[in-house]
Amino acid sequence: MTIFCSHCHRPLPAERGCLPHGAGQVPGASKPFRSTKGASKARRDQINAELQALRALLPMSCREKERLSYLNTMALVCLRLRAARLFPTGEQRPPCASAPVRPRASNRTLPSEPGLPAGPALGTDLLSLLPGFLLVLLADGKLAYVSENVHDVLGLSTAELLSHGDTVFDMVEGTAREVVREKLLLAQEQPGAAVTFISEMRTSKALRLRHGGGRAVVVRGRFMAPHVPTAPAAPLAFVALCTPVAQPPAHSDAASPDELFHSVHGLDMAFADVTESVVYHLGYRRDELLGRSWYSLLHPEDAQLAAAQHRAVALGPGASPSAAAVLRLLRADRTWLWLHTALRRDRSSGSIRCTSRSLR
């Protein structure tokens, strides 16, 4: 189709005309926006101002706020918004005087309780009586609440935990992530039913140096619907108490004989030998265990973790010479005993030696 100029009636290319440059523009129309160095700086300043305003609203001490990066600030705000959906609160805590809120952000409020992140209404005195810290998760593993006393267990504040990520999978060591994922799926299938599992969680550098790694924590919780009268469609949340497992001494063999027993297994983990002290800990006679599979005594919920440690020690030329896990073994009286079990491959005899320390 040929287009003709309305002035000279000559054929026009589609992209050009005979009108003077700029004659086709509508008077008063704005020119196309072009980013400039000054405009970019203005936007960055505006974003920084908004982040500072949000940081000022967090119920934390001024010293803690000063250490927060912008990423930490956004992570904490997201955590509080998730908690606010599950546990709405009333009274707002005033921002710190040294970090004033700018006028354009003064209408924002983050639901809070004095001295606590948004979450269950628990005071500091009550938290101090708990044997561990409280953890609330959404169905996808996103953190919704971590009680302040997490520092007593892991040596990390909530803000320091969030520097690794905002899910429970970022709190645990790599090999424990699949176990946690499986347990959360199991709990979702049976809302209201409690699940218990052991997970090795990240700790501060000081605790890691002291204990030689992360810290084993017993997580016991269930999915439930928080009672929120104003929001009947509140999602299910996994509410759990995380209790630290007693840390074994740096040299387990140096511990009291009353606390541990030794066993020798074939590569299939069948008992080849065991010390007589097993009678005290598990209630079985030595001859009752010889030839029996170690797996026949394991709690079903711990079998996957135990198998992972077994494979790490037993399989492949590059297999790890040792591994450790916190597991439950069945006693003769049909009760469960928590054990910290260290597995070590003895390449000279082709066996696996275990040192199991009672954690009761």
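Where is Met269 in this structure? Keep that residue in mind; the tour comes back to it after a look at the whole fold. The model in your viewer is a predicted one.

**Stop 1: the whole chain**

Start with everything shown as a cartoon. You should find eleven helices and twelve strands. Now colour by accessibility: of the 360 residues in the protein, 43% are buried. If you draw a contact map alongside, look away from the diagonal. Taking contacts with a separation of 6 or more, 51% are between residues 24 or more positions apart.

**Stop 2: the loop with Met269**

Select residues 260-265 and 271-274, which are strands S8 and S9; Met269 sits in the loop between them. Its phi is near 70°, a positive value in a residue that is not glycine. As background, most residues other than glycine have a negative phi. Met269 is buried, with a relative accessible area of 0%.

Next, select Arg334 to see another positive phi, about 70°, again in a residue that is not a glycine. Arg334 belongs to the loop between strand S10 (322-330) and strand S11 (336-346). Is Arg334 buried or exposed? At 59% relative accessibility, Arg334 counts as exposed.

**Stop 3: helix H7**

Select residues 177-189, the 13 residues of helix H7. At 1.5 Å a residue the helix should span 18 Å, and its end C-alpha atoms are 19 Å apart, which agrees. Show the side chains of Val179, Val180, Lys183, Leu184 and Ala187, the buried residues of H7. Turn the view to look down the axis: these buried residues fall within an arc of 130°, so they line one face of the helix. The spacing makes sense in general terms, because an α-helix has 3.6 residues a turn and residues three or four places apart point the same way.

What do the buried residues of H7 pack against? Add strands S3 (133-137), S5 (195-201), S6 (215-224) and S7 (237-244), together with helix H11 (303-314), and you have their packing partners. Before leaving the helix, show Arg181 and Phe169: Arg181 lies over the face of the Phe169 ring, at 4.2 Å from the ring centre.

**Stop 4: strands S6 and S7**

Keep S6 and S7 on screen and hide the rest. The structure holds two aromatic pairs. One of them is Phe223 with Phe238, a tilted pair with 5.3 Å centre to centre and 55° between the planes. Phe223 is in S6 and Phe238 in S7, 15 residues apart, so the pair links distant parts of the chain. Both of these phenylalanines are buried.

Now pick Val239, also found in strand S7. At 26% relative accessibility, Val239 counts as partly exposed. Draw a distance from its C-alpha to that of Arg220: the two atoms are separated by 8.5 Å, with the residues 19 apart along the chain. Leaving out residues up to four places away in sequence, Val239 touches Leu135, Val136, Arg220, Gly221, Arg222 and Met224.

**Stop 5: the nonpolar cores**

In soluble globular proteins, nonpolar side chains tend to be buried together. Here the largest nonpolar core has 37 residues, and those with the most contacts inside it are Phe133, Leu135, Leu143, Leu154, Met201 and Phe238. Helix H3 (residues 70-86) gives the most to this core, with four residues.

Centre on Phe133. Beyond its neighbours within four places in sequence, its contacts include Val146, Val150, Leu154, Met171, Met201 and Leu241. Apart from this core lies another, of 26 residues, among them Val278, Leu298, Val313 and Ala323.

**Stop 6: residues 284 to 299**

Show Trp294 and Tyr295, which form an edge-to-face aromatic pair with 5.6 Å centre to centre and 65° between the planes. Trp294 is buried, with a relative accessible area of 2%, whereas Tyr295 counts as partly exposed at 29%. Add Arg292 and Tyr284 to the selection: Arg292 lies over the face of Tyr284, at 5.4 Å from the ring centre.

Finish with His299, in the loop between helix H10 (286-289) and H11. Which residues is His299 in contact with, leaving aside its neighbours within four places in sequence? Select Arg328 and Trp336 to see them. His299 itself is buried, with a relative accessible area of 12%.

Technical notes. Residues numbered from 1 in each chain as written. Predicted model: local features only at pLDDT ≥ 70, side-chain atom pairs only at ≥ 80, totals over all residues. Heavy atoms only, no water. Helix = DSSP H or I, 4+ residues; strand = E, 2+ residues; numbered from the N terminus. Expected span 1.5 Å × (residues − 1). Buried < 20%, exposed > 50% of the residue type's maximum accessible area, 1.4 Å probe, protein only. Arc of directions from axis to C-beta. Contact = heavy atoms within 4.5 Å. Phe/Tyr/Trp six-rings, centres within 6.5 Å; stacked < 30°, edge-to-face > 60°. Lys NZ or Arg CZ within 6 Å of the ring centre and 35° of its normal. Core = buried A, V, L, I, M, F, W, Y, C linked by side-chain atoms within 4.5 Å.
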